[in-house]
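Welcome, and thanks for taking a look at this one. Please have the sequence and the model open side by side as you read.

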Amino acid sequence: MAGGAMVAARRIIALSVDADQRLALVEISRSRTEPANRVERARIILAYLEEPSAYAVAGAMRVSQQTVTRCLERAAELGVLAALDDRARTGRDARITVEARTWLVGLACAKPTQFGYPHELWTTRLLAAHARDHGPRAGHPSLANLAQGTVCKILAAHEVKPHRVRYYLERRDPEFEPKMAEVLCVYREVEMRRAVSGGAAQEPAIVVISYDEKPGIQAIGATAPDLRPVPATHPTISRDHEYKRHGTVTLMAGIDLLTGQVHALVKDRHRSREFIEFLTMLEAAYPAATAIKIILDNHSVHISQETKAWLAARPEGRFQFVFTPKHGSWLNLVEGFFAKAARSVLRHIRVGSKHELKQRIIEFIDDLNRDPVIHRWQYQIDANP
């Protein structure tokens, strides 16, 4: 055009797309789990297929025209689906050697106290500082400028977490298996007795009591009244952060596994005399001809000289103790009762004194005994063949 500005012809980038590829592009463009760069490139290609103008697509996608052109050129060269991924990059070689990484991981697996630190566990900051100070002298100069973030990456690659603790329970009872078998045999005996005549005990009459103590129940008092929930104002109970300590009590409880009846005492302390008081209560609760078999742990008060002397004065066969193995309290069914008490009556409890706490616990047990719950061993007793 004479005397006018020359306008460059619009460049058309030819893309080869079949129906399956178009469908794949649509699915990726709508995905919420695909990487954002793949979703963006799929939308660029689809928009360009609708209107072959890089300028228009850039305006609609709110990206630069250079970004659109680069994406389209790669799609024309590699294919529309291959163009969605980043190009492989060479990157620079790792500066930290394999030997240095191994040394760092070995350091993380040792205790900080071995190297003169007061810390029980490593932190990544402490590990990085120690590696920078001592790594070069140990023959690993690549650790001289080690960053804390690099420490995190190295530990993650080796699946080492020296800043975390997972607890386990070591079996320290050499007779764990025989003692466990004895407890489970008692549960089998209970089931057999319950099945005979609707649970009526055979002669000689035997009752089985699952017994334990829950010490350290805190009697905590409020310093200000609780504010009850108010609709549309505050939905929860509001409680002052401050509280008063009135001391602790111990719940001593035993469940009759045949009837579900709960026998309980709440005491300030847990000594042999309190345990004997509980045994005396059991003795009064059952006829003189009834044998009382108790499942319990190896607490010192259960095997003390005072307890043994009291048992020796009873008629032969009146009491029989079946001890759970050490660290095997989970075998005792009464633990489920204590868990229920912790979730219900003891949860967030506030009282004015220890006496009130004792009364409320006993009232809770009296309420349970109005409709006793029979506790059963839920796991399979017989070993699989």
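Here is a short briefing, grouped by topic.

This is a predicted model, in which local features need pLDDT of at least 70, side-chain atom pairs count only at pLDDT 80 or more, and totals for chains, interfaces and linings use all residues. Residues are numbered from 1 along each chain as its sequence is written, and side-chain values use heavy atoms, with hydrogens and water left out.

**Overall build**

- The protein chain has 12 helices and 5 strands; these are DSSP runs numbered from the N terminus, with helices being H or I of at least four residues and strands being E of at least two.
- The radius of gyration of the protein chain is 37 Å, whereas a compact globule of 385 residues would come out near 21 Å. That radius is taken over C-alpha atoms, and the globule rule is 2.2 Å times the number of residues to the power 0.38.
- Along the principal axes, the C-alpha atoms of the protein chain fill a box of roughly 125 × 65 × 60 Å.
- Of the 385 residues in the protein chain, 35% are buried. Buried means under 20% relative accessible area, exposed means over 50%, and partly exposed is in between, using a 1.4 Å probe and protein chains only.
- Taking contacts between residues at least 6 apart in sequence, 67% join residues at least 24 apart; a contact means heavy atoms within 4.5 Å.

**The cavity**

- The structure holds 1 cavity of 30 Å³ or more. On a 1 Å grid over the protein atoms alone, a cavity is a set of points where a 1.4 Å probe fits but cannot get out, and lining residues have an atom within 4 Å of a point.
- The largest cavity has about 40 Å³ of space; grid points are joined across faces, edges and corners, and the volume is the space filled by probe spheres set on the points.
- If you would like to find the largest cavity, look for its lining residues: Y187, V190, E191, R194, L257, L333, H375, R376 and W377.
- This lining divides into 5 nonpolar, 1 polar and 3 charged residues. Here Ala, Val, Leu, Ile, Met, Phe, Trp, Tyr, Cys and Pro count as nonpolar, Asp, Glu, Lys and Arg as charged, and the others, Gly among them, as polar.

**Salt bridges**

- Side chains of opposite charge can pair when their charged atoms come close.
- There are 18 salt bridges in the structure, each being a side-chain nitrogen of Lys or Arg within 4 Å of a carboxyl oxygen of Asp or Glu.
- Two residues from the cavity lining, E191 and R194, form a salt bridge with each other at 2.8 Å, N to O. Both belong to helix α8 (residues 176-195), where they sit 3 residues apart, about one turn of the helix. R194 is buried at 10% relative accessibility, while E191 is partly exposed at 32%.
- E277 and K267 pair in a salt bridge whose closest N and O atoms are 2.9 Å apart. E277 lies in helix α9 (residues 272-285) and K267 in strand β3 (residues 262-267), so this pair ties together parts that are 10 residues apart in sequence. E277 is partly exposed at 36%, and K267 is partly exposed at 22%.
- K354 and D268 form a salt bridge too, with 3.4 Å between the closest N and O atoms. K354 is in helix α12 (residues 354-370) and D268 is in the loop between β3 and α9, so the bridge ties together parts that are 86 residues apart in sequence. Relative accessible area is 24% for K354 and 40% for D268, which puts K354 and D268 in the partly exposed class.
- E34, R38 and D85 are joined into one network by salt bridges that share partners.

**Positive phi in loops**

- R62 is not a glycine, yet has a positive phi of about 60°. R62 sits in the loop between α3 (54-61) and α4 (65-78) and is exposed at 79% relative accessibility.
- A232, also not a glycine, has a positive phi of about 70°. A232 is found in the loop between β1 (206-222) and β2 (243-256) and is exposed at 91%.

**Around F321**

- F321 lies in strand β5 (residues 319-323) and is buried, with a relative accessible area of 18%.
- Beyond its neighbours within four places in sequence, F321 is in contact with F275, L279, I294, L296, H302 and L311.
- The C-alpha atoms of F321 and I295 are separated by 6.1 Å, with their positions 26 residues apart along the chain.

How values were computed:
1 Å grid on protein atoms, 1.4 Å probe; cavity = no way out; pocket = protein on both sides within 12 Å on 5 of 7 lines; lining within 4 Å.
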